[in-house]
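Please work through the exercises below with the sequence and the structure open beside you. Each task is followed by a solution that proceeds step by step.

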Amino acid sequence: MLDIRLLREDAASVKARLATRSGNYSDLIDQILACDARRRESETRVQHLRAEKNRLSKEIGGLKKSGSDSSELEAQVKGFSNEMEDLGRLATELDAEQRNLLLQVPNLPAPGLPEGRDAEANVAIKHWGEPGPANPEDHVAIGERLGLLDLERAAKISGSGYVLFTGAGARLERALINFLLDLQTRSHGYTEIAPPVLVRRECMEGTGQLPKFEEDMYGFDGGNSFLTPTAEVSVTNIRRDEILSESELPLKYTACTPCFRREAGSAGRETRGMIRMHQFDKVELVKITTPEQAAAELESLTADAEKVLQLLSLPYRVLELCTGDIGFSSQRTYDLEVWAPGQGAYLEVSSCSHFGDYQARRMNLRYKDANGKNQFCHTLNGSGTALPRLYVALLETHTKPGGPLILPEPLQPYYGAAQIG
RNA sequence: GGUGAGGUGGCUGAGUGGUCGAAAGCAGCGCUUUGCUAAAGCGCCGUACUCCAAAAGGGUACCGAGGGUUCGAAUCCCUCCCUCACCGCCA
């Protein structure tokens with residue numbers, strides 16, 4: 001959520017920065033400012049009336065105490081109450097409306113991002129490893145040949161967009177998860193969390209999935225609880241509504257959870273195999289920091305995610321996303337894309353973002369700074385990494401046509417063998 | 001699911017209709033004194049919104065949340081949420 005003061009003070013530059021995103025927010029900003037003006041006006045009037053009413057009520061108290069008659073004043077105050085009722089209701093309504101509108105405004109892209117309307121304008125800022133030649137066998141073929149997964153039966157029990165790992169394939173997924181969590185906790189200092197995957201609506205608003213993207217989410221109980229589309233939601237909200245002490249920042253959490261996404265509107269895109277699914281596992285990295293720490297923490301978070309791909313010998317590139325391609329709540333994002341030879345394409349396996357105080361404002365997450373002032377925290381997160389696409393790249397990179405899957409050395413102790421098949 | 005007890009400021013904890021935003025203690029901050037790895041005394045010490053060009057200073061709201069009663073609610077009534085204890089059921 002943006003600071004309403006920023007909108008009041010410099011609406012023009014807010015609009016200009018939002019204009020670099022896809023979508024048009026100019027009218028929404030005007031609407032918010034109009035609402036804000038009306039809200040403040042009615043609030044001020046209510047407050048003046050209440051002040052007067054409070055004053056008279058106290059006078060009545062004094063009269064009663066001394067045994068004098070107060071019926072005249074009482075009648076007067078009663079008149080006040082009626083007048084206030086409508087005004088008070090209006091002020092409350094306008095306040096809710098303003099928040100509601102404000103929740104629909106995305107974060108401002110950080111200054112200095114590459115400008116562009118869509119992914120075309122993203123900038124590759126780093127390449128690691130040498131993308132291998134195309135593999136005629138893709139992960140579906142390899143997985144079925146080696147007996148690692150069964151997409152047909154997954155569809156039978158759940159529909160399309162689900163995977164059923166079997167035998168060695170299930171064991172491999174488990175080995176990957178343990179490898180990833182151990183890496184992030186032991187080598188990179190994250191605290192492991194095992195959160196619920198069903199959360200309240202407020203959490204989804206806090207991180208920015210709601211109210212805008214409700215149709216992409218699995219909701220229950222009339223929209224009061226949701227399956228999390230990413231552990232970002234549950235984990236970032238752990239400290240919602242809290243005031244942290246500066247000394248405990250930065251906080252670094254990691255969690256592996258199933259993620260649930262309707263993927264509404266993506267039908268037909270990348271639907272073969274396990275590129276895009278309704279349920280998948282993901283290791284998430286989350287940081288809560290001071291504003292000063294955030295920029296450096298984004299770099300290290302991205303490096304923490306990259307380490308996964310390096311240790312698994314999977315070539316990848318890092319993209320800096322342009323203004324039109326960063327997520328709704330993000331102000332700056334690096335995408336990690338792993339090379340998948342069976343696809344002949346790069347696959348996004350991690351999206352590392354700095355949200356500024358945008359999420360913190362939504363979830364009222366603050367810390368007490370050195371001067372004793374309450375400040376909004378900054379939040380960051382990134383995948384470390386998504387499991388299915390990592391799995392895809394692993395299979396397609398480390399399997400020769402017709403051959404076994406050769407496990408990268410760091411993964412071998414977790415799986416308990418050097419190869420599969 | 002049943003029964004019972006509760007939810008007050010960073011924490012502990014008073015307060016059952018009237019100057020209560022809320023006693024007291026602890027923690028924190030400032031000053032003073034004595035001195036030494038601390039003690040004592042004094043003062044300050046919630047949040048949000050809003051008025052004012054700003055500061056200073058006003059005002060309003062907030063005692064789990066939302067409604068209600070009343071001239072006036074932390075205090076009374078209703079609904080909901082949550083916590084704890086015991087019972088039942090259960091992976």
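**Exercise 1.** In this predicted model, find which residue of β14 is the bridge partner of Ser353, and then describe how β14 is paired with its neighbours.

*Solution.* Begin with the bridge itself: the partner of Ser353 in β14 is Asn381. Next, place this pair in its strands, where β11 (residues 345–354) and β14 run antiparallel and are joined by two bridges. Then turn to strand β8 (residues 279–289), which is also antiparallel to β14 and is connected to it by seven bridges; here Leu285 stands opposite Gly382 of β14.

**Exercise 2.** Is strand β14 (residues 378–386) largely enclosed or not, and why?

*Solution.* The cut-off for a buried residue is a relative accessible area under 20%. Nine of the nine residues of β14 are buried, and therefore the strand is largely enclosed by the rest of the structure.

**Exercise 3.** Determine the strand order of the open sheet that holds β14, and state what packs on that sheet.

*Solution.* The eight strands follow the order β1-β9-β10-β11-β14-β8-β7-β2, and their pairing is mixed. At the edges are β1 (123–128) and β2 (191–193), each of which pairs on one side only, while the twist from one strand to the next averages 25°. A parallel pairing is found between β2 and β7 (residues 251–260), which share three bridges, with Thr191 opposite Tyr253 of β7. As for the helices, α7 (residues 168–187) lies across β2, β7, β8 and β14 and runs at about 160° to β7. Helix α10 (residues 291–311) packs on the sheet as well, touching several strands, among them β1, β8 and β14, and its direction makes about 5° with that of β14.

**Exercise 4.** Which element gives the largest share of the surface near RNA strand B, and which polar contacts can be listed there?

*Solution.* The largest share, 13 residues, comes from α3, whereas the elements giving two or more residues are α1 (4–9), α3 and α4 (71–102). Of the 22 residues around the RNA strand, those that come nearest are Arg8, Arg39, Glu43, Gln47 and Val77. By class, this surface has 12 charged, seven polar and three nonpolar residues. For the contacts, an N or O atom in the side chain of Gln47 is 2.8 Å from a base nitrogen of RNA strand B, and a backbone N or O atom of Ser57 lies 3.1 Å from a base nitrogen. The side chain of Arg366 places an N or O atom 3.3 Å from a sugar or linking oxygen of RNA strand B. Finally, of the RNA atoms within 4 Å of the protein, 73% belong to sugar or phosphate and the rest to bases.

Methods
Residues are numbered from 1 along each chain as its sequence is written. Chains are lettered from A and ligands numbered from 1 in the order in which they are written. This is a predicted model: local features need pLDDT of at least 70, side-chain atom pairs count only at pLDDT 80 or more; totals for chains, interfaces and linings use all residues. Side-chain values use heavy atoms; hydrogens and water are left out. Buried means under 20% relative accessible area, exposed over 50%, partly exposed in between (1.4 Å probe, protein chains only). Helices (H or I, at least four residues) and strands (E, at least two) are DSSP runs, numbered from the N terminus. Two strands pair if DSSP finds at least two bridges between them. Axes are lines fitted to C-alpha atoms, for helices over the stretch in contact, and angles run from 0 to 180 degrees between N-to-C directions. Contact means heavy atoms within 4.5 Å. A residue is near a molecule or strand if one of its heavy atoms lies within 4 Å of it. A polar contact is a pair of N or O atoms within 3.5 Å; within protein, one must be able to donate a hydrogen and the other to accept it, and residues adjacent in sequence count only if both atoms are side-chain atoms. Ala, Val, Leu, Ile, Met, Phe, Trp, Tyr, Cys and Pro count as nonpolar, Asp, Glu, Lys and Arg as charged, and the others, Gly among them, as polar.
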